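Biologist: Please show me how the features of this structure should be read, taking one helix, the nonpolar cores and one sheet in turn.

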Amino acid sequence: MSLRGVSVCLFLLLNFRGIALESVSISPDNLLVITVATRETEGFQRFLQSAKHFNYTVKVLGLGEEWRGGDVANTVGGGQKVRWLKNEMQKYKDREDLVVMFVDSYDVIFAGSPNELLWKFSQFNHKVIFAAEGFCWPDRSLAEKYPEVISGKRFLNSGGFIGFAPYLYQIIQQWKFKDNDDDQLFYTHIYLDPESRENLDITLDHKSRIFQNLNGALDEVVLKFENGRVRARNIAYDTLPVVIHGNGPTKLQLNYLGNYVPNAWTFEEGCGTCDNNLLDLSQLQDEEYPRVLIGVFIEQPTPFIPEFLERLPSLDYPLSKISLFIHNKEVFHEVHIQAFWEKHKETFPSIKIVGPEENLSHGEARNMGMDFCRQDPECDYYFSLDADVGITNPETLRILIEENKKVIAPMVSRHGKLWSNFWGALNTDGYYARSEDYIDIVQAKRVGVWNVPYITEVYLIKGETLRTELKNKNMFTLNGGDPDMIFCKNVRDKGVFMHISNRDEFGRLISTDKYSTTHLHNDMWQIFENPVDWKEKYIHENYSKIFDEDYFEQGVSLSQPCPDVYWFPVFTEKMCDELVEEMENFGDWSGGKHEDVRLAGGYENVPTVDIHMNQINFEKEWLHFLREYIAPVTEKLFPGYYTKAHAVMNFVVRYRPDEQPFLRPHHDSSTFTINIALNNKGIDFQGGGCRFLRYDCKIESPRKGWSFMHPGRLTHYHEGLPVTKGTRYIMVSFVDP
C-alpha cells in the first residue's frame, strides 16, 4: 500500500446535489499538493524534502515573486496566497476525481504518506477539511459563532486544508479582497456561514488526524519512534497527524520535530538526511578553495591562549585562503597576540588586530568582524571563533564548509560536563531550556546535524547569507541585551536555520570562570578547571606509554637505572620551564639552613635551598597532580601498595656551586619519593645527580621532565652529587610520609 500508483479504495458519502452513496476509487496519482513560497528558504527546502520522501506531487506558487501579503508572522495578512490559489484552481475546477491539499511551506513538514492521507480524508466523509486550532484568529469576536465541539480544537486554521477540486474552487473563487487582507478570516467567514458550510460540506480536523497545528498544542505532541520510523503523535487524541504545521510562535518546536520527522534521525539508522546536498572540497586545488575570514574574539582573560592561537595555522585548509580578524579586549593577552603576529604575519594574507585601546563592547567587536566579511564580495565564509574554544580537529573548517549550511556550528562542550555551545530549546523568555535530546546530543548518543535555536562561541556563516538575509550590520547590538542572544534572535527572525553538528569530534570549551592572572604562568593553576588542556600543555607526550605492559622491562638500564629506582617521563619542557620561572619570580628561596620556620618543628635535618609549593599557593594543584599522574605509576610499579598520594613536603630545590652544590647522605621522610629534573645537564649545569649508597648506583644524567621514583625510608639511603657549574633545579615530593 505504500507504493505510488496503488489505488486507495475510498467509500465516500456523496450527498451534494442529491448524488447517492457510491464507492469511489481514488489513486494517489489524483492527489495534488499546492503550496506558496516566494523564496527558497531552508524551511521551504525542508518541506520539499519531506514531500519527496513520501513521493507527494507538489505545485509551488509564487516563487521569485514579490510578497505583498503583509507581515503574517506578526499581524493579519496572507491574502496574496488566496489570489494565487484562485488563479491556479481555475485549471482544476472540473476535475471531480482530483483531491487538492493546500498547505503552507516554510513551517510545514509531512509526516505520513499520500495513501495514509487519502485514507484519513475518506474517514471524514466530507468534501473539504480545514485544519483546526485552539485559538480564534484573527477576529476573537467570532468565537461564539463557531459550532460547539465536545472534544478537540474548535477553530479554523487556514494553514492546511484538503478537498475535492470543484469544492475548493467554489470556496476560493469567492475571494475579492486585497493581497494583504487576511486569508484565515476569509475562510472563517465561509465556514461560519451555516448554508455555505453545509452546501460545500466543510468540516474541521478537530482531533489532528490529518493536520497538526502546534500553536496551543505543544504539550499534546510527542515524538513516536517505532520500527525505524519517527512520527509526531498527538497524545491528547491518540492520533498520528500527516501534516505538522508550526503556526504562530511555534517555529522552534517545529524545527525540533523536523530534526526527526519524517526520516531525519532514527535510533536504527541514525541521521537519514546528513549526507544530502554536501559539498566536496577534496578535488579542489588550493587556489580553488573558498576564502574564509576567521573572526577571533578574546573577550576575557582566557587560559591557554598561545595554544589556541597556534591552532589557527595548524588548520588543514589552505592558509592562503584564510584571513584573520582578531579582537582582543584584554591588556593581559597583548603579549600573546604580539608573539603570534611576529611569528605568523607572513603566514596569512591579512591579519587585522583590534586591541583593548579601541574600547569596543562585545557586540560592537562582533559586528565589526562579521561586517568585514559582509562587505567583501570575495569573502565566501565567516568563521567566528571565541578564544575559549579549543579546536583540536584540524579538519574542522573543511568539514563545516562541506556540510553546506547557511549557518552551522561544530558541537563543543566542557570536558566531562554538559555545558556546550548550543541550546536545544528556549523558554518563553527566550532563555535556555533543556530539550529532551540535549544530553544525548552533547554526549554523542544521538549523532547528526541538528536545527537548534541558539549557538555561540564558534560557528560558520556563508558570506552570501551575510550579504542577503543577514545584511544588517548590527546583528549583535540591535535592541540591547546579550550579544549572542540578540544575534541568534535576529537569525531566527530572518527564517535562517542555525545548525549544530556532532558528526565529528571538533574540540572542547575552555572554562574561564576561575581563571586568575595573578601569577607569572597562570595556566599552571588550571589542572582542576581545564584538566585536558592542562595535560596537553604540561604532561609529557610519552607519559601514557608508562602503562604499556612491558615498559619497565624493556631497556632496564633506562627505565630502572638502580634497584627499585624507576625512571619515567612526566613533564613537558614547558612545565619544567614555567615551574622554575614561577619559583624564581617568587624569589624567596630558603637559605639551606637547619632552622626553617616553614616547618611545624622549625627544624630541617637535611636542609636544601628550596621553595615549597604552598609558598606559591600551588600545593592543592600539586597534590592533585600526584593523585592523577603519580599514583597510577606507583600502583603499577609496586603491586599491592595503594598510595594516598599525600605529601606534606613538596618543593623545588636549587643547586649552585656557590650556594648549595650538593646534599649529604640521608633517608627521605616518605614511603616513596619522586624527583623530577627541571632543566638539562650539559646545557644548564654541569655535575649533579643522585647516588644510592647501599647499591653504589649513580644517576648522573637525569632527563629534563623525567622523574625517578624510589622508596624513601630504610632502603634507599642517598645523596645529591655536587653541581660544578651553572644551576640545577629539581622538584621533590615526599609521598605518604
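Biologist: What covers the buried residues of α17?
Modeller: The cover includes α15 (531–538), β31 (610–612), β32 (647–655), β34 (672–677) and β41 (728–735). Helices (H or I, at least four residues) and strands (E, at least two) are DSSP runs, numbered from the N terminus. This is a predicted model: local features need pLDDT of at least 70, side-chain atom pairs count only at pLDDT 80 or more, and totals for chains, interfaces and linings use all residues. Residues are numbered from 1 along each chain as its sequence is written, and side-chain values use heavy atoms, with hydrogens and water left out.

Biologist: Which residues of α17 are buried?
Modeller: An α-helix has 3.6 residues a turn, so residues three or four places apart point the same way. In α17 the buried residues (under 20% relative accessible area, 1.4 Å probe, protein chains only) are Met-575, Cys-576, Glu-578, Leu-579, Val-580, Glu-582 and Met-583. Gly-587, with a positive phi near 80°, follows α17.

Biologist: Which residues have the most contacts inside the largest nonpolar core?
Modeller: In soluble globular proteins, nonpolar side chains tend to be buried together. A nonpolar core is a set of buried Ala, Val, Leu, Ile, Met, Phe, Trp, Tyr and Cys residues joined through side-chain atoms within 4.5 Å. Here the largest has 61 residues, and Met-89, Phe-110 and Tyr-187 have the most contacts inside it. Helix α4 (residues 165–172) gives the most to this core, six residues.

Biologist: How do β6 and β13 run?
Modeller: Strands of a sheet pair through backbone hydrogen bonds, either parallel or antiparallel. Here β6 and β13 (residues 243–245) run antiparallel, joined by three bridges. Ile-109 stands opposite Ile-244 in β13.

Methods
Buried < 20%, exposed > 50% of the residue type's maximum accessible area, 1.4 Å probe, protein only. Contact = heavy atoms within 4.5 Å. Pairing = 2+ DSSP bridges.
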